Amino acid sequence: MSPAGPAWPRLRVLQTLWALLVVLLAPWRLWAIKNTQECTWQVVLNNFETVGKKDASDRFVDQEPLYTVDKVFSQLVDAPIDPDEVRGLVSGKRERSWTCTPLGSGHLPTLSLQTYLGFPYYLKINYSCKGELFNLIPRYFVNVPSRPLWYTVDQAPVFILGGIPEEKAILLTDTNFKDFFLVELSIDSCWVGSFYCPQTSFTATIYDAIATESTLFIRQNQLIYYFTGTYTTLHESNRGSGRWVRVLANECIKKLCPVHFHSNGSEYVMALTTGKHEGYVHFGTITDGRVSFELLPRQRSVCNGILVVNCSITWAVFIAGDYNLLLLVEIEDPSTRKYFQVVSYDLVSDYLVVLYTIPEFIPDARGLEFLMVLGTESYTNFPMVPKGMSYNPYNNLLFIWGNFLLQSYNSKNFIYLADFPKELSIKYLVNSFYGDTAIVTETEEIWYLLEGSYQVYKLFPSKGWEVHVSLQVMQQSSLYAPNETMVTLFYEDHRLYQLVYLIDNQQGRLVKRLVPVEQLLMYQQISNDYLLERQGSHLTLSFTNFCPFTVMRLRDLPNPQIYTRQERYRAQPPRVLEPGGFHSDNSLAVYQGLVYYLLWLHSKYDKPYADPVHDPTWRWWKNKKQDQDYYFYLASNWRSAGSVHVDMASYEKIYDLKAENELPERIFLDKGTSYRFSVFLTAREPEPLHGPSFQLQSKVGLAVVLADPECIEAVVKEKVLVNRNSVLFWVTLSDKRFCFDQGISGHHLMKTSMLLKVVGSSGHCFQNTNQGPRMQGNLMVPVLIGCPPGKRLAFDITYTLEYNRLQNKHYFDCVHVDPEMPCFLFRDIFYPFFLIQDLVTGDSGSFQGSYVLKVVGGGPTLDTIKEYSEEDIYRFNSPLDKTGSLIWTTRNTTTTEDSAFNILSHNSLGIEWLCMENSPCHDTIPHSIFASEFFFKVLVSNRGVDKSTYCDYQLTFQLRIHGLPLSARRAFLILMVSASLFVGLVILYVISCLLSPYVVKVCNVLCWKINNIIAWESYIYSVASDTGAFSNTSGIKSGESSGGISRVVSKVAGENRTDTKETLRKKPIS
């Protein structure tokens, strides 16, 4: 199962700290071991108070924001980390959950999603609910038929399973049935069979259940319900619900058919109708949690399309690569018996065509393992009763099953597999999609088919199964009991598992156990091919080994990451500086925070501007790398703060993972790329086969089977090593360069496969490993053609700055420097360069292909950047523009086919900025005394112009340009205003120079007058004070006193004037 995408529930009140904790199961001294695979860590989701407790794994109901680990990281004052970044990082976590919904006597479990730094692929779903869940009583499982487990492969975060008799309940798990819940559903259980549905009885049993990444589907009677809840990938808060939604309410649905793989950004489900819309299919599409159904065919029913009166669709298969439906149609002809046809429906052209008419009776194979059905062979009296179809998109293998098994690689020519007995009837198939298929019959028998071969093996019941169970009982295994019922069968990690209900000592329980396919096949081989020979007085038991080789090794395997596209990090635990060496709550919390920080760096690294060092962890230590020895010194002397030492070298991205002598799980091929390896086979020594004739086994041979030979090719070269009785095969798998259009990295990939098969090894060759026997000789590898995941286009700012400085002979940055976004001068020729960064392998090289550059937005500041319309983008970037709106131009003459845009490359002649009159950057007004700036939003894309790759690279980044010129009108206005101000200042200066003597004279006179006034007032004040002192004793009449004072004042004034004149006469001429 895979985790779901981000969810959108409403936040609730903060209650406690939930954390992802990594619990150490090995002693601290293993910290020094380089091979971290020897140290096992258990990842669980715990409450902080239960850190380190054995088997502690909490279930969460409430949706909580997470507290930070400030109190722990604040102690690490000398650790080589940035506490501010870690603090801000962890404080942003949110936990998202479903709400518990009353469902009668039970409750729906809560799904709790932990969003690890916004990565939808790091989410973990758990279940909990306050309320009563169903108990696993025997009535629900004993003697109840098994049912298929349907889900979207590698996408569904949960599995659901119906089939609980007469109960509106499902089994629900998020751990592949390591644990599970039996939950009653809150559905209305309406029944519409009274009017137009042919069903005559009602049941509460859930018959069909399908789990996709964002939605759960069930069928009860003729009704379909789906549930999106809040674990979907939706982001809008106004969508989704916490209840089951009934869909196609007026339709009679007789069956749900799953689509096992997502494609084109959506998932699919199909509902087969009966009653009024017999002969139609409701095709359901799930995109971002939105469910929609379309009735197909659009114009007329399938019956009318194939020119029959009465027909019924029994099964449907969707082939996403061809956008095609394969329909298994039952036709009732009044003049003949019922018969079946395989009908193809093209969803694009709405075209129906009959591909194959299934024979009415089972062919007579006459002892052969398989038979090519051509219509000329003889038949038995057993009628063929088709019940369903199964399709593997990797190898294009289609199965039609019922009381027979037909297979085809082109949906037209079928092979009958005669090993499956015609007396049995198949109930469902289980496909691993890696070359293995399990078959479950109506009598609960289990059969096995290795794709690419024609032998069908019976696994249960069998003698081998009895021996295996006996050995397990002797070992007192808890996975087996005398009374057991199989619930379902499914594949997990390429291995076949059973979900079984056991009753032991009157106690019932559900267990998940491995089906030992290899052991059972080995026992069948040994028990069927042995010989007792008498040698003297005793019998000797001898076996015949039909495996054509004794040794099979894969050699010269390239490093797997470039083909598997899996990004890996090494994150070793911090060293605990305590005498006991055991981890504490603090050290585990530190490890948790560091893992969060590492994931945050992983997400932040996907940015337009490329870092100087192509490694997300570079930003972690870049500011403290020079102090690495100091931190090591503190740790060596047990002086690290918090008694925890974090080693810089313990956290890194792994780019050089080595192959482990096995083919990768899957191979991604870009345009023209290849995968090369060798196979070493040691032939078995020739030995006589038992029987009347003496024959030698043939030499070993290697076959490579390609699902789509028109798209990929394989070249095999053989080298015989005579002295070692061995053969070395060199195998090269290559893409043919023309089967895929350009696509976004990791999206819309074409599915195909390569089957590596040693002739005569199917079901006969096994290798003993530490995990038990493993089948050899048949290796199927899925191949995905297109743009591999983890490749991106980035703006190479480092080389761009260096090259622009070299070509323009200078470089002028903005006044306010931004290290993350350097400036470029408007009048300089701009030479952009880009990198192709491989986030998986660490490769980073110059982009050598062609591309189209467009300015798609802009503004004078970062806050005012706006998106341009398609019409504006054309006017601002097209060399055909005649409106005077171009922002830039180039001397390159290469254009797209319609000449609408220029095509650039790494050796282009550069970009010249224009900002013409009708462009948005024309006449940009500066906001200060410095030159004006403009921020361009630039889109770079190679779609349709680059033939070297399948990747549709699209990069959007912001470009900061400064020194933009003003318009001629505004420049002239500024010039006139500036000139006027200057002339005015000059005139003012001249006038001031001419008038300065007069101004000085006037100032002197003015100063003299002011001084006189001040002196006069001072004298008046002093004389008045002296006269007032003698006024009471002199006896002088007031008239006389006044006259005397007047005379005195006049005399003093006269003396002052005389002194002033004399002073002026004595003053020298300057």
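Start by selecting strand E58, residues 852-859, together with E59: in this predicted model the two pair in the antiparallel sense over 2 bridges. Zoom in on Gly858, and you will find it standing opposite Lys866 in E59.

Now widen the selection to the whole sheet. It is an open sheet of 5 strands in the order E55-E63-E62-E58-E59, and the pairing is mixed. Look at the edges next: strand E55 (823-825) and strand E59 (866-867) each have a single partner strand, so one side of each is left without a neighbour in the sheet.

**The disulfides**

Next, show the cysteine side chains. The structure holds 6 disulfides, and three of them are stops on this tour.

Select Cys787 and Cys951 first. A disulfide joins the two, with an S to S distance of 2.0 Å. The torsion about their S-S bond is about 95 degrees, so this disulfide is right-handed. It links distant parts of the chain, 164 residues apart: Cys787 sits in the loop between strand E53 (778-785) and strand E54 (791-795), while Cys951 sits in the loop between strand E62 (933-941) and strand E63 (954-962). Switch on a surface and ask: are these two cysteines buried or exposed? Cys787 is buried, with a relative accessible area of 1%, and Cys951 is buried at 0%.

Move on to Cys711 and Cys739, whose sulfur atoms are 2.0 Å apart in a disulfide. This link is left-handed, with -75 degrees about the S-S bond. Cys711 lies in the loop between strand E47 (702-706) and strand E48 (712-721), and Cys739 in the loop between strand E49 (726-735) and E50, so the pair ties together parts that are 28 residues apart in sequence. Colour by accessibility here: Cys711 is buried at 3%, whereas Cys739 counts as partly exposed at 23%.

The third stop is Cys547 with Cys765, joined by a disulfide with S to S 2.0 Å. About its S-S bond the torsion is about 110 degrees, so this disulfide is right-handed. Cys547 is in the loop between strand E39 (538-543) and E40, and Cys765 is in the loop between strand E50 (750-758) and E51; the two are 218 residues apart. Cys547 is buried, with a relative accessible area of 4%, and Cys765 is buried at 0%.

**A pocket**

Keep Cys765 selected and turn to the second largest pocket, which has a volume of about 370 Å³. Which residues are the closest to its centre? Of the 20 lining residues, these are Asn545, Arg684, His764, Cys765 and Phe766. To see the wall by element, select helix H5 (517-528), strand E40 (549-555) and strand E51 (766-769), the elements that give two or more residues to the lining. E40 gives the most, with 5 residues. Colour the lining by residue type and it divides into 9 nonpolar, 8 polar and 3 charged.

**Two cysteines without a bond**

For a last stop, select Cys1003 and Cys1007. Cys1003 is partly exposed, at 37% relative accessibility. It is in no disulfide, and the nearest cysteine sulfur, that of Cys1007, is 6.5 Å away. Cys1007 is likewise in no disulfide, with the sulfur of Cys1003 as its nearest cysteine sulfur. At 43% relative accessible area, Cys1007 is partly exposed too.

Key:
Residues are numbered from 1 along each chain as its sequence is written. This is a predicted model: local features need pLDDT of at least 70, side-chain atom pairs count only at pLDDT 80 or more; totals for chains, interfaces and linings use all residues. Side-chain values use heavy atoms; hydrogens and water are left out. On a 1 Å grid over the protein atoms alone, a cavity is a set of points where a 1.4 Å probe fits but cannot get out, and a pocket is an open set with protein on both sides within 12 Å along at least five of seven lines; lining residues have an atom within 4 Å of a point. Grid points are joined across faces, edges and corners, and a volume is the space filled by probe spheres set on the points. Helices (H or I, at least four residues) and strands (E, at least two) are DSSP runs, numbered from the N terminus. Ala, Val, Leu, Ile, Met, Phe, Trp, Tyr, Cys and Pro count as nonpolar, Asp, Glu, Lys and Arg as charged, and the others, Gly among them, as polar. Two strands pair if DSSP finds at least two bridges between them. A disulfide is a pair of cysteine sulfur atoms within 2.5 Å. Buried means under 20% relative accessible area, exposed over 50%, partly exposed in between (1.4 Å probe, protein chains only).
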